[in-house]
Amino acid sequence: MNLHEYQAREILRRHGVPVPAGEIAATPEEARAIAARIGGGRPLVVKAQVHIGGRGKAGGVKLARDAAEAAAHAAKILGMTIKGLTVHNVLVVPAVDITSESYVGIIVDRASQRPLLMVSAAGGVDIEEVAAKTPERIYRAPVDPRYGLLPHQALGLALRLYRDIAQARAAADIMRKLYEAFYAVGASLAEINPLATTPDGKVVALDAKVVIDDNELDRHPEIAALRDDSAEAPSEVAAREAGLTFIKLDGSVGCCVNGAGLAMATMDLVKYYGGEPANFLDIGGSSNPQKVVAALRIISADPNVRAILFNIFGGITRCDDVANGIVQATGQFPLKVPLVIRLTGTNEELAVRILTQAGFAALTDMDEAVKQAVAKARAGRAA
Ligand code: GDP
Ligand code: MN
């Protein structure tokens, strides 16, 4: 689950990281009022709150001299779209004079199977770009979760960023607090970019990004409550509410599958036969026609979808329930694209009877079904 910058800042602040205190505005007037209250006649920054990086380059982060200019910037930034996401809120925060920008981040690293602290003096910009072009400028320290980030590890990396020992100590302290925050909220990523130094020698966090591991949300209801549905893809919100595991992709073959493993195998096979999956969708193990109706509604709302493929292996899931779901759904909203159905396993004969009576063909062979779906998606695109 993604958090907004203002939410991530609040978490870091609670753990003692120095972050300038700002407030959220949904209108230019609110932005003006906040700026007048917290600005004290000094410059401010107005920042788009969307779940995406690179806002600075996209024009979503602007310096303002006073409250009037903050309101003008807010008017421009509110409602703008950055990489497909609409800006509903801006953060208004006192500006800091910057002398240097570094990167400090923690991820869960597959290779070392631990949290990994990464720092670079080449901060401010895309860290992915630094990693791709000048990987030697990134320094790393794996953290043993039994002991946490140790003082010598933090100071060792901080000395890669700053020659000044006071600044290095301040940065090391921030890294340890960042790790504590990362661990406390169940994050899969926590980063500060830029970690800035000021002309008077202070070290402060000017941006914050925290991604929560979805599996941790049950343990952290106060973090789960931070979810912003309006900032997510509507199809993913609808899927979560229907109890489906769904990830939207860019292809044209809509996939409706039971079980994550079969869903992955189905996507592989779609690619193998020259198609592109439009989504990952696992209707889960339970038998429930309503889930199938919800799944079909979500998949068929995607304008990129040119064909829909059902791939069901009936175990706990009963094929007849899926068949009933398909018949119900297509009765409620006629599909505009071809449907290819493959089902096998529990109550397969009954399912085939239900589908045939309703005018659908049902296959049992997975390769054959995928080939047909890919071909139909391709024909649909040509049409
Ligand atoms: P991002 O582009 O989405 O990562 O947004 P950031 O919050 O990192 O802001 C982008 C850039 O704006 C930073 O790298 C800074 O150069 C600049 N910026 C952000 N806050 C301040 C500030 O308080 N003062 C100054 N001078 N620049 C800032
Ligand atoms: Mn940033």
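A residue is called buried here if its relative accessible area is under 20%, exposed if over 50%, and partly exposed in between (1.4 Å probe, protein chains only). By that yardstick, 48% of the 383 residues of the protein count as buried. The model is a predicted one, so local features need pLDDT of at least 70 and side-chain atom pairs count only at pLDDT 80 or more, while totals for chains, interfaces and linings use all residues. Residues are numbered from 1 along each chain as its sequence is written, chains are lettered from A and ligands numbered from 1 in the order in which they are written, and side-chain values use heavy atoms, with hydrogens and water left out.

Now for the overall picture. The protein has 13 helices and 17 strands; these are DSSP runs numbered from the N terminus, with helices being H or I of at least four residues and strands E of at least two. Along the principal axes, the C-alpha atoms fill a box of roughly 80 × 50 × 40 Å. A contact means heavy atoms within 4.5 Å, and of the contacts with a separation of 6 or more, 67% come from residues 24 or more positions apart.

Next comes the metal. Donors are N, O and S atoms within 2.8 Å of the metal (3.2 Å for Na, K and Ca), and sites may look incomplete since water is not among the atoms. For the manganese ion (ligand 2), the protein donors are Asn-193 (O) and Asp-207 (OD), lying 2.2 Å from it. This pair ties together distant parts of the chain, 14 residues apart: Asn-193 sits in strand β10 (residues 187-197), and Asp-207 in the loop between β11 (203-205) and β12 (209-212). Both Asn-193 and Asp-207 are buried.

Strands β10 and β12 turn up again with helix α1 (residues 5-14), as its buried residues pack against both of them, and also against β2 (44-48), β6 (90-94), α6 (165-185) and α7 (221-224). Among those buried residues of α1 are Ala-8, Ile-11 and Leu-12. After α1 comes Gly-16, with a positive phi near 95 degrees.

Helix α6 brings in some aromatic rings. Rings of Phe, Tyr and Trp (its six-membered ring) pair if their centres lie within 6.5 Å; planes under 30 degrees apart are stacked, over 60 edge-to-face and the rest tilted. This gives three aromatic pairs. Tyr-179 and Tyr-183 have ring centres 6.1 Å apart and planes at 35 degrees, so they make a tilted pair. Because they are four residues apart in α6, about one helical turn separates Tyr-179 and Tyr-183. Tyr-179 is buried, at 6% relative accessible area, whereas Tyr-183 is exposed, at 53%. Ring pairs join Tyr-179, Phe-182 and Tyr-183 into a cluster.
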